[in-house]
Amino acid sequence: MSKHLAPTPTMLEPHTLPDLHTPPHVITRGEGVQVWDADGRAYLDGVAGLWCVTLGYSEPRLVQAATEQMKKLPFYGSFNHRTNDVALALADDLAKIAPIPMGRTFFANSGSEANDSAIKFAWYYHQALGRHHRTKILSHDRGYHGTTTAAGSATGLGHIHHGFGIPLPQFHGLHCPDRLSPAGRGLTDEQFVDWLISQLEDRIATEGPDTIAAFIAEPILGAGGLIIPPAGYYERVQKVLDRHDILFIADEVITGFGRTGSMFAAAEFNLRPDMITLAKGLSSAYLPISAVMVGDKVCEALKEGSQRFHSFGHGFTYSGHPVAAAVARETIAILLERDIPGRVRAAAPVLANALDKFRGTELVRDVRGYGLLGAVEFDAAACGMATGELGPVMAQAAAENGLLLRSMGDTVVFAPPLISSDADIEAMVERLAAARSDVLTGRAVTSPARG
């Protein structure tokens with residue numbers, strides 16, 4: 001596999017150990033559901049870049065939308081009651097497809113910024129209502145909400161915290177709703193949900209309900225290992241939150257825009273969040289853009305608070321960037337015109353059936369999925385490895401077989417572009433099967449790659 005274009009590192013790479021002296025694997029071209037590296041080798045992209053290139057790498061309408069907007073108005077910001085027409089139109093587009101009626105949409109540039117913003121809006125909401133002690137944020141262990149200071153504090157993954165002085169003290173973790181966790185062993189789904197809700201109630205009682213501002217959660221936990229909460233869990237959670245007037249922030253950075261078979265996972269799981277955060281699929285990742293859809297209740301408090309504080313001091317230079325907004329508008333148009341969520345509903349059984357062939361086989365601990373999300377969790381102990389070491393080995397072996405995947409611990413995740421054909425999906429799973437065979441027979445390197 002190609003490793004580099006330049007022999008010396010000058011880039012500080014995200015989520016990569018800076019002391020690595022081996023050059024990175026460099027991708028130079030993409031088309032459809034494939035990418036090519038610097039040596040010209042092709043790979044099926046089983047995780048759509050970073051869960052995000054939903055329409056594939058060569059959608060001409062998105063390129064055209066960016067080009068035309070560049071020519072017309074390459075930039076105008078959204079500060080001080082002056083904005084651009086494209087951002088306003090995108091907010092209208094989102095209001096029309098929102099899973100529940102929402103008030104206004106705030107734009108940012110990344111999922112982390114969207115989640116940071118939503119957390120700040122929750123704090124502002126309670127401050128505006130005179131609830132000055134409501135500053136605590138609840139989130140799941142193994143949940144992922146980004147790496148900025150507040151979003152990183154809400155993220156329940158230790159490697160996001162180490163060395164950075166986070167989480168901040170007002171952030172508190174809840175038990176991950178993972179059926180394979182020790183707490184769930186021997187319990188039915190209903191009993192496990194009962195246990196999870198009792199843990200939530202206990203945490204609220206311990207912290208004091210009048211100190212908690214919001215709960216932030218992914219409908220399906222992505223980077224924590226593709227955890228699909230048991231049926232009925234979020235409905236029970238929402239009842240508890242409503243009783244204590246704790247805001248619910250639904251992080252749909254991964255699940256939004258068709259990934260689960262509905263435009264939003266909130267519709268799939270009958271969620272009624274106060275805020276919904278979006279990114280990734282909003283522009284099929286062709287340009288950086290994210291959003292927070294804010295419910296009427298929160299919007300009204302933001303308005304009242306800004307009158308009292310004489311300020312709403314939050315925003316970014318590139319909030320609602322017109323070129324990114326133009327690409328996002330065209331992305332939404334394509335999703336609707338081509339019924340991409342319907343395509344996902346048709347393709348989901350193809351992925352599920354292909355992955356089901358791994359169930360009960362050697363080294364495999366679990367197989368799970370929802371929509372065009374799928375996961376195979378491997379058992380590191382079964383081949384003498386420490387927990388967390390086998391997943392990276394499998395991902396590396398998959399790359400050697402021409403397939404790019406994500407590994408989280410010992411779980412390898414599929415999140416292919418939503419335009420993937422049935423044949424593309426089956427080919428991806430076949431290449432993971434070849435990778436597993438390589439590991440079993442010793443043809444693959446069995447020491448995990450660093451970084």
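Mentor: Let's start with Trp51, which sits in helix H1 (residues 48-51). Helices here are DSSP runs of H or I with at least four residues, strands are E runs with at least two, and both are numbered from the N terminus. This is a predicted model: local features need pLDDT of at least 70 and side-chain atom pairs count only at pLDDT 80 or more, while totals for chains, interfaces and linings use all residues. Residues are numbered from 1 along each chain as its sequence is written, and side-chain values use heavy atoms, with hydrogens and water left out.

Trainee: Okay. Why is Trp51 called buried?

Mentor: Buried means under 20% relative accessible area, exposed means over 50%, and partly exposed is in between (1.4 Å probe, protein chains only). Trp51 has 3% relative accessibility, so it counts as buried.

Trainee: And what makes the phi of Trp51 worth a mention?

Mentor: Its sign. Most residues other than glycine have a negative phi. Phi of Trp51 is near 65°, a positive value in a residue other than glycine. His310 is another such case, with a positive phi of about 60°.

Trainee: Where is His310, and why is His310 called exposed?

Mentor: His310 is in the loop between H10 and helix H11 (322-337). With 73% relative accessibility, His310 counts as exposed.

Trainee: What is unusual about the peptide bond from Ile166 to Pro167?

Mentor: That bond is cis, with omega near 10°. Most peptide bonds are trans. Pro167 is in the loop between helix H6 (158-161) and strand E6 (171-174).

Trainee: How do you know that Lys72 and Asp85 form a salt bridge?

Mentor: A salt bridge needs a side-chain nitrogen of Lys or Arg within 4 Å of a carboxyl oxygen of Asp or Glu. Lys72 and Asp85 are at 3.6 Å, N to O, so the pair qualifies. Lys72 is in helix H2 (residues 60-72) and Asp85 in helix H3, 13 residues apart. Lys72 is exposed at 61% relative accessibility, whereas Asp85 is partly exposed at 45%.

Trainee: What does the salt bridge of Asp245 with Arg131 tie together?

Mentor: The closest N and O atoms of that pair are 2.6 Å apart. Asp245 lies in the loop between helix H8 (233-244) and E8, and Arg131 in the loop between helix H4 (111-128) and strand E5 (136-140), so the pair ties together parts 114 residues apart in sequence. Arg131, Asp245, Asp274 and Lys297 are linked in a network of salt bridges.

Trainee: Why has Glu252 no salt bridge?

Mentor: Lys and Arg count as positive, Asp and Glu as negative, and His and the chain ends aren't counted. The nearest side chain of opposite charge to Glu252 is Arg259, 10 Å away, so the 4 Å limit isn't met. Glu252 is buried all the same.

Trainee: What does the side chain of Glu252 reach?

Mentor: The backbone nitrogen of Ala266, at 2.8 Å. A polar contact is a pair of N or O atoms within 3.5 Å; within protein, one must be able to donate a hydrogen and the other to accept it, and residues adjacent in sequence count only if both atoms are side-chain atoms. The Glu252 distance is inside that limit, so it fits.

Trainee: Last one: why is Thr67 called partly exposed?

Mentor: Its relative accessible area is 37%, so Thr67 falls between the two cut-offs. Thr67 is in helix H2, and a polar atom of its side chain lies 2.8 Å from the backbone oxygen of Val63.
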